[in-house]
Amino acid sequence: VLTAEDKANVKSAWDHIKGHEEAFGAEALCRMFDSEPVTKTYFGGKDISEESSYLHSHGKKVMCALTNAVAHIDNIEACLDKLSDTHAHELMVDPTNFPRLGHNILLVIGIHMPQLLTCAMHCSLDKFLCQVAEVLTSKYR
Ligand code: HEM
């Protein structure tokens, strides 16, 4: 459960992340594809190489969905409801993959904004990304 402090931390982190959605999203996806090759199987036929315009536009979509979730942090479930349906019923992404992407998003934040990622911030962002993963996999049941 996100505490009031977690929510404040995540919102303040996102003030810095805003504007970097495309670059951060693309790098996080790229790292996930390299470190967990099975995740590439959902993108068959797409050019997911590091510099591709597809990777960048998809990275931006993913991170902007998170920006929107941060803006509605008290109601993440409703905010991600449609995406949750899409991932469960249309894309059928194995639930084990959501924490994998979350992990890589956290890594990218830490790499590019090391001063931002204090222990407390690390913990709050991790909890937020876990909550997003939980919501996105809630429709599998
Ligand atoms: C599509 C967000 C995790 C695979 C999307 C879209 C968004 C999104 C916003 C576009 C939906 C649309 O255009 O209507 C997220 C978020 C995630 C997440 C916020 C977790 C933090 C994953 C994971 C995988 C995945 C872990 C697979 C390993 C896909 C695929 C598409 C998609 C295959 C369709 C891409 C396309 O047709 O171009 N996702 N996603 N997603 N997502 Fe996710």
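Author: Helices and strands are runs assigned by DSSP, a helix needing at least four residues and a strand at least two, and they are numbered from the N terminus. In this predicted model, the chain has 7 helices and 0 strands, so that, read from the N terminus, its elements run α-α-α-α-α-α-α.

Reader: How compact is the chain as a globular protein of that length?

Author: The radius of gyration is set against a rule that depends on the number of residues. Here the radius of gyration is 14 Å, close to the 14 Å that the globule rule gives for 141 residues, so the chain is as compact as a globular protein of that length. Along its principal axes the C-alpha trace spans about 40 × 35 × 20 Å, and among contacts between residues at least 6 apart in sequence, 79% join residues at least 24 apart.

Reader: Does a record say anything of the whole span, and what are its limits?

Author: The UniProt annotation "domain: Globin", from an unreviewed entry, covers residues 1–141. The end C-alpha atoms of that span lie 20 Å apart, and the span is 68% helix and 0% strand.

Reader: Which residues have the most contacts inside the largest nonpolar core?

Author: In soluble globular proteins, nonpolar side chains tend to be buried together. In this chain the largest nonpolar core has 26 residues, and those with the most contacts inside it are Ala28, Leu29, Leu80, Ile105, Leu125 and Val132. Helix 1 (4–17), helix 2 (21–35), helix 3, helix 6 and helix 7 each supply at least two residues of this core. Leucine 125 itself touches Val10, Ala13, Leu106 and Ile109, leaving aside residues up to four places away in sequence. Over the chain, buried residues make up 26% of the 141 residues.

Reader: Is aspartate 34 buried or exposed?

Author: A residue counts as exposed if 12 or fewer other C-beta atoms lie within 10 Å of its own. Aspartate 34, which lies in helix 2, has 12 other C-beta atoms within 10 Å and is therefore exposed. Between aspartate 34 and lysine 139 there are 28 Å in space, C-alpha to C-alpha, and the two are 105 residues apart in sequence.

Reader: Which helix gives the most to the shell around the ligand?

Author: Helix 3 gives the most, with 5 residues, while helix 3 (53–71), helix 5 (81–90), helix 6 (97–112) and helix 7 (119–136) each supply at least two. Of the 19 residues around the ligand, Thr39, Tyr42, Ala65, Asn97 and Leu101 come nearest. By class, the shell has 12 nonpolar, 6 polar and 1 charged residues.

Notes. Residues are numbered from 1 along each chain as its sequence is written. This is a predicted model: local features need pLDDT of at least 70, side-chain atom pairs count only at pLDDT 80 or more; totals for chains, interfaces and linings use all residues. The radius of gyration is taken over C-alpha atoms; the globule rule is 2.2 Å times the number of residues to the power 0.38. A residue is buried if 20 or more other C-beta atoms lie within 10 Å of its own, exposed if 12 or fewer, and partly exposed in between; C-beta atoms are placed from the backbone. Two residues are in contact if their C-beta atoms, placed from the backbone, lie within 7 Å. A residue is near a molecule or strand if its C-beta atom, placed from the backbone, lies within 6 Å of it. Ala, Val, Leu, Ile, Met, Phe, Trp, Tyr, Cys and Pro count as nonpolar, Asp, Glu, Lys and Arg as charged, and the others, Gly among them, as polar. UniProt positions are given in the numbering used here, feature names are shortened, and annotations may be inferred rather than shown by experiment. A nonpolar core is a set of buried Ala, Val, Leu, Ile, Met, Phe, Trp, Tyr and Cys residues joined through C-beta atoms within 7 Å.
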